[in-house]
Structures are given as C-alpha cells and as structure tokens.
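User: I have a model open and would like to go through it with you. Can we start with the charged contacts?

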Amino acid sequence: MLFMILTAIVAVLVAILALQNSMMVDMTLFMWNFRLNLVLVVLISVICGFLISLAWGIKVKTQAMWKMRKLNEQIALLEDDKRILREKVEQLLKAQGGVMDPADTVTTPTAEIRTAAQGPAGTNPGSAGGQRTFI
C-alpha cells in the first residue's frame, strides 16, 4: 500500500513538472538532432525508468521463485530420505527385538542445534580436537 501511495505521489509530481515546463527543447541522440516538447522528454524518461525497474523486478522475482523451487525439491528429497532411514531403524529394532521409544524418534530443532553447538561430550566445537556431531 505504501508503495502505491509513493508511486502516485511521484506520478503527480512528474505530471506537474511536465505541465509547467511545456517549452520546446533541442534533443541530440547519437547523430540525430530533433526538437521535442519538454513534456514528452520528461514522460518518455519516466516511462523508460518504469520499464527498466519493472524488468529488474521481474528478474529478481524469477530468481527468488527458482531458488524457492529448488529448496522445496531439496526438502522433499530430504523428507524421503528421513522416511526411508526411519523405516530402516524400525526394521533393525524389530530384528533385534527391541522396542523404539517415541521420544527417541522425535527431535526438536532446538535440540539439534544445541547438540551441534555443544559438540561431543560437552567439548567446544571450535577447540582443538572437538568435532561436530549432527543428529
């Protein structure tokens, strides 16, 4: 909403500028010389700026959309891997005759982060000999 208000204000200011300066000006583009009304010069400049910003916005949105799509595909693959590994764990536990504790199968993201940050046996991961372990 704020963007639309700012755009409307800029459009009104450009229109006022164009109407107050309606004299003819000499224009040179490469080797061509011509006379145009200053209103047309201002409006053509604004339209060119709008088109450039529109093209840039479409480029940025498209890149973000592609990145989001790739990340969603990666999430789907990781969830499939997680499901397959969970099934293998269940099969191994059944083969050993053990019963899986539901608390062991569900881990919260904070527990994973805490485990990764603490390192093995409470060592600092950044210290010498400390290795990071991830669940």
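Analyst: Gladly, and please keep in mind that this is a predicted model. In helix H2, Glu87 and Arg83 are joined through their side chains in a salt bridge, with 3.3 Å from N to O.

User: How far apart in the helix are Glu87 and Arg83?

Analyst: They are four residues apart in helix H2, and therefore about one helical turn separates Glu87 from Arg83.

User: And how exposed are those two, Glu87 and Arg83?

Analyst: Glu87 is partly exposed, because its relative accessible area of 37% falls between the 20% limit for buried and the 50% limit for exposed residues. Arg83 is likewise classed as partly exposed, at 43% relative accessibility.

User: How many salt bridges are there by this rule?

Analyst: The count is three salt bridges. Another one is formed by the side chains of Glu73 and Arg69, at 3.6 Å from N to O, and these residues both belong to helix H2 (residues 38-96), where they are four residues apart, about one turn of the helix. Glu73 has a relative accessible area of 44% and is partly exposed, and Arg69 is partly exposed as well, with 47%.

User: What about Arg35, which partner does its side chain meet?

Analyst: The side chain of Arg35 meets that of Asp26 in a salt bridge, with 2.9 Å between N and O. Asp26 is exposed, since its relative accessible area is 59%, and the cut-off for that class is over 50%.

User: Changing topic, what sits between strands S1 and S2?

Analyst: A loop lies between strand S1 (24-29) and strand S2 (32-37), and Phe30 is in this loop. Phe30 has a positive phi of about 55°, although it is not a glycine. For context, most residues other than glycine have a negative phi.

User: Is the Phe30 side of things buried or exposed?

Analyst: Phe30 counts as exposed, because its relative accessibility is 73%.

User: Any aromatic business, then? What does a search for aromatic pairs find?

Analyst: Over the whole structure, the search for aromatic pairs comes back with zero. There is, however, a charge over a ring to look at: Lys59 lies over the face of Trp56, at 4.6 Å from the ring centre.

User: Now the start of the chain. Which residues make the nonpolar surface patch?

Analyst: The patch covers about 1,100 Å² and is made by Met1, Leu2, Phe3, Met4, Ile5, Leu6, Ile9, Val12, Leu13 and Ile16. Met1 itself is placed in the segment before helix H1 (2-20), and Met1 counts as exposed because its relative accessibility is 75%.

User: Zooming out, what pattern does the protein follow along the sequence?

Analyst: Read along the sequence, the pattern is α-β-β-α-α-α, and the secondary structure amounts to four helices and two strands.

User: How much of the protein is buried, and how much surface is there?

Analyst: Of the 135 residues in the protein, 8% are buried. The accessible surface is about 11,800 Å², and carbon and sulfur atoms account for 69% of that area.

User: And what share of the contacts joins residues at least 24 apart?

Analyst: If one takes the contacts between residues at least 6 apart in sequence, 12% of them join residues at least 24 apart.

Definitions and conventions
Residues numbered from 1 in each chain as written. Predicted model: local features only at pLDDT ≥ 70, side-chain atom pairs only at ≥ 80, totals over all residues. Heavy atoms only, no water. Patch = residues over 30% accessible without salt bridge, like charges linked within 9 Å, V, L, I, M, F, W, Y side chains within 5 Å. Areas by Shrake-Rupley, 256 points an atom, 1.4 Å probe, with all protein chains shown as cover. Salt bridge = Lys/Arg side-chain N within 4 Å of Asp/Glu carboxyl O. Buried < 20%, exposed > 50% of the residue type's maximum accessible area, 1.4 Å probe, protein only. Phe/Tyr/Trp six-rings, centres within 6.5 Å; stacked < 30°, edge-to-face > 60°. Lys NZ or Arg CZ within 6 Å of the ring centre and 35° of its normal. Contact = heavy atoms within 4.5 Å.
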